Amino acid sequence: MLEIITSILVRTVVAGTPLLLGTMGEVISERAGILNLGVEGMMSLGAATGFIVTFTTGNPWLGLMAATIAGALISVIHAFVTVSLRANQVVSGLALTMLGLGLSGLWGKPYIGRPLTTKMHAIKIPVLSDIPVIGKVLFYQDPYFYLSVALGILVWFLMKHTKVGITVRSVGENPKAAETLGINVARVKYLCVMAGGAFAGMAGAHLSTAYSKSWIEGMTSGRGWIVIALTIFALWEPARAFVGAYVFGGIFVIQYVLQPLGISPNLLAMLPYVTTLGVLLFYGMSKSGKRKMSAPATLGEPYIRGSR
Amino acid sequence: MTVTILPREKTSALFNVLTLLGSLLAGLVAVGIVFLLKGINPFFAIGEIFIASFGSAFGFQETLTKAIPLILIGAGLALAYRAKFWNIGAESQLLLGAVFATWVGLKLGPGLPAWAILPLMFLAGFIGGGLWGLIPAIFKVRFGINEVISTLMLNYIAAEFVKYLVVGPWKGETKYGYPYTDDLPDQAILQHLGSTRISVLMLIIAVSAALILAFLVYRTRFGYEIRVIGENPEAGRYAGINFFRTSLIMMFISGGVAGLAGVGELSSIHHHLSYPDTISAGYGFTAIIVAWLGRLNPGFSILSGLFFAGIIVGGDAIQMSMGLPATTVNVFNGLILIFLIAGDFLLNHKVRFQRRVL
């Protein structure tokens, strides 16, 4: 029994890792007032880039770096179109998703079905990993897990306790006031969107170089959209993103645990999406939840410098 | 040199058209660059796409076939986007239309003549898609739930539901091992024009739906209310617009026409319900660009639907002849959409370049 629980928890953490990375990125971007619906595309590009670079160089760390850079670079398109050209963020994000899926498909095609010889291996932390249950769950995981936790804590600290966080928040809540304080609103928005892209790229690379060690088209399979839902679920707070990512990671795993019991795999596959709607509905039905669900004040609106 | 950007008040129709064409052209150039980077001759590839889709009789028939769902869904999405309701769920509204019509076709079909069964299937499909469109509308207006998220989640839920049906309770008794329902009875199948795959009835339905929706948007009080909700919700409240009712009707129609597209795909192309990505080749997503290229005028989705149907057909063709993956067409769609919305900047702003005077 203990073994089953351990194995479920281990897999929960693994499934939660790309969700945590992606959600951290989207939280940063949305805090600065930019909704980026391109996560699915950026993740897909990250997965393909990470795989291709790891495959050709034999070094999964280079794959991780390349995927991060690829995610940040493609997100610049979104930043340029929505910040500089003040275009509609919803449509631009959807376009970015299409582009990311298309580019990854085009470049990844020759690599379909070719296994990696070197993937990101789990790192066993001495002593700590010998603790029952927790040891295996928290101290015997692939580097992406440690990285996501470290980055998550860093983002939480920066957003909550430093001037960086105040700057980003003020740009999303009241860009006019931020500007009078001498903040370069456009620059902050660009950087936050790029940070979001970098995180999404990392999340994608996790899928193709650590979670599995192959590239197939559409391997992000909706995780990018879950990330966008998780950002609301987390109410734009990095600390809550941790909770959300692992809860949803768990839901992904539960599908496979319940399937042998004779429940239709298709109905189980609905779980993450039904849960998302259920949670949003729960927030929406309570007064305080509704208030909490209010996004950063200028999310989705273009900011025109020196206006009014 | 300094660049000054000023808001632009009005634009001429000609300027509008020129910007649109300029954006399309820039999008094509960007697609060409992507092809070039991949070592593919862009002139050849893009040329192939247009030759395969508009350049031959067979290609054009296929383009028309695929234009039908795009026109229908694009027109419905244009309606929703007018109200700034970001319906991303047309894919699942199409599926629910097909599910409802399948039920009617299989349950009631065998006992009824064609003149009775086909209208019933269309009605059921419209209701199916419409009800699925109502959910996000209620969620948004009553509970403040972002419609982008809810429509997306509903896409995945509907897709899994259809898979569940076709491998589970609705699995066809005559379809050994395949994830299909039984075939619809003959009288529930839409006839094709000659040897093509075009259903004339569907074409008429698509074009008239687009025109009716255009009339609705520009010539009725309901359309006025939708535009006010989208452009100035505060003014809408003062004018006494019932947001809840208008949003619900609007999304019932938007989802309903996507449902009609589902009936068309089911009854004229596939003849049975099967896996979601067979029933719809991503029409719900491509139609987002159709609506956008049509400037959110449902009538214009006839033209833009035809254009993107051509890109799908051409994309399929180069996919086979040049060994490119199926997602190549997404590069097209993504880049063209980016340039379309970027082009709007020129419509809304004046850009002046001035030499700095020392």
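A cavity here is a set of grid points where a 1.4 Å probe fits but cannot get out. The model you have open is predicted. Counted this way, it holds one cavity of 30 Å³ or more.

**Stop one: the cavity**

Start with the largest cavity, whose volume is about 40 Å³. To see its walls, select B:Thr65, B:Ile68 and B:Pro69. Add B:Arg197, B:Ser199 and B:Met202. Then add B:Gly264, B:Glu265, B:Ser268 and B:Ile269 to complete the lining.

Now colour by element. In chain B, α3 (57-82) and α10 (243-270) are the elements that give two or more residues to this lining. Which element gives the largest share of the lining? It is α10(B), with four residues.

Try colouring by class next. The lining of the largest cavity has four nonpolar residues, four polar residues and two charged residues.

**Stop two: B:Ser247**

Stay on helix α10 of chain B and select B:Ser247, which lies in it. Is B:Ser247 buried or exposed? It counts as buried, because its relative accessibility is 7% and the cut-off for buried is under 20%.

Show the side chain of B:Ser247, then find the backbone oxygen of B:Phe243. A polar atom of that side chain lies 2.7 Å from this oxygen.

**Stop three: around B:Ser247**

Finally, look beyond the neighbours within four places in sequence. Select B:Ala137, B:Val141 and B:Ile229: B:Ser247 is in contact with each of these residues. Keep them on screen with B:Phe243, whose backbone oxygen lies 2.7 Å from the B:Ser247 side chain's polar atom. That ends the tour.

Terms used. Residues numbered from 1 in each chain as written. Chains lettered and ligands numbered in written order. Predicted model: local features only at pLDDT ≥ 70, side-chain atom pairs only at ≥ 80, totals over all residues. Heavy atoms only, no water. 1 Å grid on protein atoms, 1.4 Å probe; cavity = no way out; pocket = protein on both sides within 12 Å on 5 of 7 lines; lining within 4 Å. Points joined across faces, edges and corners; volume = space filled by probe spheres on them. Nonpolar A, V, L, I, M, F, W, Y, C, P; charged D, E, K, R; others polar. Buried < 20%, exposed > 50% of the residue type's maximum accessible area, 1.4 Å probe, protein only. Polar contact = N/O pair within 3.5 Å; in protein donor to acceptor, adjacent residues only side chain to side chain. Contact = heavy atoms within 4.5 Å.
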